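Colleague: I'm new to this one and would like a close look at a single part. Could you walk me through it once it's on screen?

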Amino acid sequence: MFDILSRIRRTGRLSETGPQAGKATASDPLQSKLHQTFGRALCIRQVDAGSCNGCELEIQALGNPYYNLEGSGIHFVASPRHADLLLVTGPVSVNMEEALKRTYQAMPKPKWVIAVGDCGACGGIFGTSYASRGSVGNIIPVDAMVNGCPPSPTALMQAIVDVTTGMPQSGQG
Amino acid sequence: MNLDTLEQEAVRVPSNVAVSCITFGAESWLQAADAMQQAGAVLLTLWGSDDRDRDGHFRIHAAYLMPQRLWIIGHAMPSDSPVYPSLSRLFPVADRLQRAVRDLLGIHADGGDDRPWLRHGGWPASVFPLRRDVDPAHAHAVQSSAYPFVHVSGDGVHEIPVGPVHAGTIEPGHFRFSLVGEKVLRLEQRLGYAHKGVAKRFESMRLDDGHRLAARACGDSTVAFSWAYCSALESMNATVVPPRAVTLRALALELERVANHLGDLGALGNDAGLAFGQTQFSALKERLLRQNAEVFGQRYLFDLVVPGGVAKDPPERALVALSSELSDIKREVNELRVLYTNHAGLQDRLQGTGYVDPAQARTMGALGLVARACGLARDLRVDLPWPPYDKFLPTVAICADGDVAARLQVRFDEVLESLRLCSQWLGDMPAGAICVDLPDTEPGQQGIGMIEGWRGPVLAAVESGVNEGIRRCHIHDPSWQNWLLLERAVLDNIVADFPLINKSFNLSYSGHDG
């Protein structure tokens, strides 16, 4: 136990300052913006609707100590019924179409949807076919898109902040 | 039939490893399968092709992996009776492979499980999308119906259905548990949710563009898949890749292995209740990804491996910085390994959990790190070394215990071994060109690429078409074999240990579903 505590002390705080909403200044940080919108926290449900797993890796990276998303009061939840925001990676496979629709329908209002990655945003290299419906927007309403293959954790955080604070989306990874 | 007879009749297929091919009638096809099974081969994959436009036949190709060679045994069927002998009696993985071939191409095995596998009602049972006369753009409304899971009955037996949408940020798949109390009696997987028509999509791409799709078959193994595809193409053209590109490819492959293993080492700690491990290892992984961005211009190495070489020539100072960062990471991994090993609570959760018997692993055709954690020394980098591994042989990480702890230990060993290889290459990086142009490719050429990715061997089988197009490309992820073992590993464990056992395998859904 002493070794673990000693290592934690040596590691120190790695968290970096997250992106600000739109043109917000340092006195107007992410957390207070989110507090204004939600009171306490933002709950995200993630659905992989047919991705290659690249976008998932970057979404998972949001939880590492450098991005420390939970430290900003944003966390991932296990049920769509607890979620304010749906992060969807794609392309939407025909085999996931129904599961995606049902997840979206299970979320309480108000709710946002962000289509993640080039595939989620426009179908990417897979496009539309017998097996792929292409972009997330072809299946459920989408509020914002984050391009990139995969988009960086910073681009993902920026999109989350922008969409939930009503900023026009940047759209770029 | 014995292997010596086969060797006399077989032809070599262009590849980065040793591949022999032979075509048989139905009876000999099955006899060859029997001989392969007797010789201890792994049925690596099955794929079908629609050659009706050429000679009125469908074909089925079975790839068998032996320590010294990959065998491809083909069989042609007339278009009016596309039936071939089932291999499921000899190789457990054959059932799912045969079901997938049938769903996409409409050629049938004459026995075994005949439920759909990749087709979940997204296209009609009478439509076979991989046939050449089927328009790839033609979409169908989903007509879903209940999937006939195997039902377990008895006093106190209940079911837990999980997925396809899971509680965490992971890929889609369905697990049907049958339990008594908390004990798992049976797990049945249903996969195919991430099927996005990769094989059909290849057929509308150019040969010199297909690596971008291969790179996205399974995003966490992008270097392995794009290298396998490029190797197939380069072998077909007898192209020699410059030494600097070869070394950079191998560097990228080992960095991919290290990044994924670091992620898993943290996640395994987390799933066993040691969040400290997740924090530490995810921070190390992030440091590595940031180095990737400095060296190759991106955190994940999509499209770095291109036909003829690599797309990015890293500046010398970035390579020096990478070398120093990797030494740091190595020191930290060694330190964390001691903490994991000495943590009684953690070891209590890992040891004996999710046990796979080595004999069973052999029967099921275990591949990659799952095989190595059951004591099976299977590693393409050593068994069939291609450049630069022929001059830089890694030490195969082996642990015979077969449990979650063993899979953790193999990951630790492999991270350290990969870091050793990287440090050798960084200390003596060849100079020169990073890419050469490929010559034009005649239609009907075949090439095979095989690379040991971080999960195990990945394969790309490419056939050229007219106008520099792809006629057929089949890719295979080792998860096909290892998914079967996961069904076995969870038996007699408590269902609450499933996330831990599942993470210790960390198999690909997208790579499997195609």
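Colleague: Let's take Ile8(A): is it buried, partly exposed or exposed, and why? I'd also like to hear about its surroundings, and how chain A and chain B meet.

Modeller: Keep in mind that this is a predicted model. Ile8(A) counts as partly exposed, because its relative accessibility is 42%. The residue sits in helix α1 of chain A, which covers residues 2-11. Together with Met1(A) and Leu5(A), Ile8(A) makes a nonpolar surface patch of about 340 Å².

Now look at Arg7(A), in helix α1 of chain A too. Arg7(A) counts as buried, because its relative accessibility is 4%. Arg7(A) forms a salt bridge with Glu332(B), and the closest N and O atoms are 2.3 Å apart. Glu332(B) belongs to helix α10 of chain B, so this pair joins two chains. With a relative accessible area of 16%, Glu332(B) is buried as well. Arg7(A) also has a salt bridge to Glu335(B), where the closest N and O atoms are 2.8 Å apart.

Let's widen the view to the whole interface. Between chain B and chain A there are five salt bridges, along with 27 residue pairs in polar contact, both residues at pLDDT 80 or more. On the chain B side, α5 (198-202), α6 (210-214), α9 (275-296) and α10 (316-342) each supply at least two of the residues that touch chain A. The largest share of that side comes from α9(B), with ten residues.

As for contacts, 58 residues of chain B meet 49 residues of chain A. The area buried between the two chains is about 4,300 Å², and carbon and sulfur atoms give 59% of it. Val165(B), Thr169(B) and Lys196(B) supply 16% of the area that chain B buries against chain A, more than any other three residues.

Salt bridges turn up inside chain B too. Arg381(B) pairs with Glu254(B), the closest N and O atoms being 3.2 Å apart. Arg381(B) is in helix α14 and Glu254(B) in helix α8, so the pair ties together parts of chain B that are 127 residues apart in sequence. Arg381(B) counts as buried at 3% relative accessibility, and Glu254(B) does at 0%.

Helix α8 of chain B also holds Asp264(B), whose side chain meets that of Arg411(B) in a salt bridge (3.2 Å, N to O). Arg411(B) lies in helix α15, 147 residues away in the chain. Both Arg411(B) and Asp264(B) are buried. Over all chains, the structure holds 50 salt bridges.

Notes
Residues numbered from 1 in each chain as written. Chains lettered and ligands numbered in written order. Predicted model: local features only at pLDDT ≥ 70, side-chain atom pairs only at ≥ 80, totals over all residues. Heavy atoms only, no water. Patch = residues over 30% accessible without salt bridge, like charges linked within 9 Å, V, L, I, M, F, W, Y side chains within 5 Å. Areas by Shrake-Rupley, 256 points an atom, 1.4 Å probe, with all protein chains shown as cover. Salt bridge = Lys/Arg side-chain N within 4 Å of Asp/Glu carboxyl O. Helix = DSSP H or I, 4+ residues; strand = E, 2+ residues; numbered from the N terminus. Buried < 20%, exposed > 50% of the residue type's maximum accessible area, 1.4 Å probe, protein only. Contact = heavy atoms within 4.5 Å. Buried area = accessible area lost by both parts, 1.4 Å probe. Polar contact = N/O pair within 3.5 Å; in protein donor to acceptor, adjacent residues only side chain to side chain.
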